[in-house]
Amino acid sequence: MKLQRFTQPALLPEAKNLLALCFLILTGINILTLILHLFVAFRINSVAAMKTTQVQLINGQTYYVSEQDRFFRYPSVIQNVVKNWTELTFNWDNKIPGTNEIDPGIKVNSKRVPTSSYFASLLMEPEFGKASLFKIAELVPNTVFSGQLRSTVIISFVSEPREIRPGEWEIDMIATRLLVDRSSGRDERIPFNRTFRLKAVEIQTPPLGSQASAFEQKVYELRSAGLEITRIAEFNPK
């Protein structure tokens with residue numbers, strides 16, 4: 001009796017194996033495509049949720065307000081905070097800004113700083129702003145309060161803000177401090193080139209609204225941009 005070797009047939013013929021493999025690959029591609037479509041749809045819905053609103057003021061001016069991330073700040077807003085700080089800090093006169101009243105200054109230890117310089121410190125991180133007042137007080141001669149010396153600042157360049165992390169930026173400035181002695185007519189020009197670092201903070205409004213004191217309104221006005229200066233360093237333009 002002749003024995004023959006029995007060979008078990010393949011589970012699937014070769015052609016059917018290839019077909020099954022192609023089916024699995026296509027299924028995987030379809031799943032990935034579906035995930036990608038869902039992700040894109042989610043992003044589109046997120047953008048669509050940021051609505052633009054038209055706001056009209058009592059005086060008739062109309063503005064468009066768009067919803068943004070809580071740490072978003074327009075570049076021009078960041079630039080303006082740096083400009084405001086510089087001008088408030090170094091524009092010295094013997095008058096309170098916006099009035100004809102004599103500025104007695106704000107006492108810092110045994111020295112004084114102009115009222116505008118004090119308000120400028122409120123644009124800074126609290127501890128940094130407090131420390132800066134001692135430095136500014138060292139620069140302010142008493143002749144400022146008698147009206148003999150006047151100081152102003154000329155801003156030549158402010159760079160576009162560079163985001164170093166979400167809600168934090170750096171910005172460069174090139175400026176010149178101009179000191180004029182009214183009694184002699186002589187002036188002194190001092191370069192003021194600095195790199196500022198700022199961070200986004202909560203935007204606050206006066207809790208008493210129009211009933212708030214002039215001081216409180218000024219404080220909240222300065223803080224309305226929702227930004228604080230956290231660092232100022234030398235900038236060496238190339």
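**Asn 142**

I started at Asn 142, which lies in the loop between H4 and helix H5 (143–146). The model is predicted, and I read every value below with that in mind. Asn 142 has 59% relative accessibility, so I put it down as exposed; the cut-off for that class is over 50%. I then looked up its distance to Val 113. The two are 29 residues apart in sequence, and their C-alpha atoms are 9.3 Å apart in space.

**Asn 109**

Next I went to Asn 109. I found it in the loop between strand E3 (106–108) and strand E4 (111–113). Its relative accessibility is 58%, so Asn 109 counts as exposed as well. What is the sign of phi at Asn 109? I read a positive value, near 55 degrees, in a residue other than glycine. I noted this because most residues other than glycine have a negative phi.

**Ser 151**

I moved to strand E5 (residues 149–158), where Ser 151 lies. Is Ser 151 buried or exposed? Its relative accessible area is 2%, so I logged Ser 151 as buried; the class needs a value under 20%. I listed its contacts and left out residues up to four places away in sequence. Ser 151 touches Phe 90, Asn 91 and Trp 92, and also Leu 178 and Leu 179. For Trp 92 I also took the C-alpha separation from Ser 151. It is 4.8 Å, across 59 residues along the chain.

**Whole protein**

I stepped back for the totals. The protein has 238 residues, and buried ones make up 31% of them. I counted six helices and nine strands in its secondary structure. For contacts with a separation of 6 or more, I looked up the long-range share. Residues 24 or more positions apart account for 62% of those contacts.

**Aromatic pairs**

I searched for ring pairs and got seven aromatic pairs in the structure. I opened Phe 72 and Tyr 74. Their ring centres are 4.9 Å apart and their planes stand at 85 degrees, so I entered the pair as edge-to-face; that label needs planes over 60 degrees apart. Phe 72 is partly exposed, at 34% relative accessibility. Tyr 74 is partly exposed too, with a relative accessible area of 44%.

Then I opened Tyr 118 and Phe 119. Here the ring centres are 5.9 Å apart and the planes are at 65 degrees, so this pair is also edge-to-face. Tyr 118 has a relative accessible area of 23%, so it is partly exposed. Phe 119 comes out at 14% relative accessibility, so it counts as buried.

Which residues form one aromatic cluster? I found Trp 85, Phe 90, Trp 92, Phe 192 and Phe 196 in it. Phe 90 and Trp 92 were already in my contact list for Ser 151.

I also checked for a charge over a ring. The charged end of Arg 112 sits over the ring of Phe 145, 4.1 Å from the ring centre.

**Largest pocket**

Last, I looked at the largest pocket. It holds about 310 Å³ of space. Its lining has 14 residues. Which of them lie nearest its centre? I noted Trp 85, Phe 90, Lys 135, Ile 136 and Phe 192. Trp 85, Phe 90 and Phe 192 also belong to the aromatic cluster.

I sorted the lining by element. Helix H2 (75–90), helix H4 (126–139) and strand E8 (187–200) each supply at least two residues. Which element gives the largest share? I read H4, with seven residues. The loop holding Asn 142, where I began, lies between H4 and H5. By residue class, the pocket lining divides into nine nonpolar, one polar and four charged.

How values were computed. Residues are numbered from 1 along each chain as its sequence is written. This is a predicted model: local features need pLDDT of at least 70, side-chain atom pairs count only at pLDDT 80 or more; totals for chains, interfaces and linings use all residues. Side-chain values use heavy atoms; hydrogens and water are left out. On a 1 Å grid over the protein atoms alone, a cavity is a set of points where a 1.4 Å probe fits but cannot get out, and a pocket is an open set with protein on both sides within 12 Å along at least five of seven lines; lining residues have an atom within 4 Å of a point. Grid points are joined across faces, edges and corners, and a volume is the space filled by probe spheres set on the points. Helices (H or I, at least four residues) and strands (E, at least two) are DSSP runs, numbered from the N terminus. Ala, Val, Leu, Ile, Met, Phe, Trp, Tyr, Cys and Pro count as nonpolar, Asp, Glu, Lys and Arg as charged, and the others, Gly among them, as polar. Rings of Phe, Tyr and Trp (its six-membered ring) pair if their centres lie within 6.5 Å; planes under 30 degrees apart count as stacked, over 60 as edge-to-face and the rest as tilted. Buried means under 20% relative accessible area, exposed over 50%, partly exposed in between (1.4 Å probe, protein chains only). A charge sits over a ring if NZ of Lys or CZ of Arg is within 6 Å of the ring centre and within 35 degrees of the ring normal. Contact means heavy atoms within 4.5 Å.
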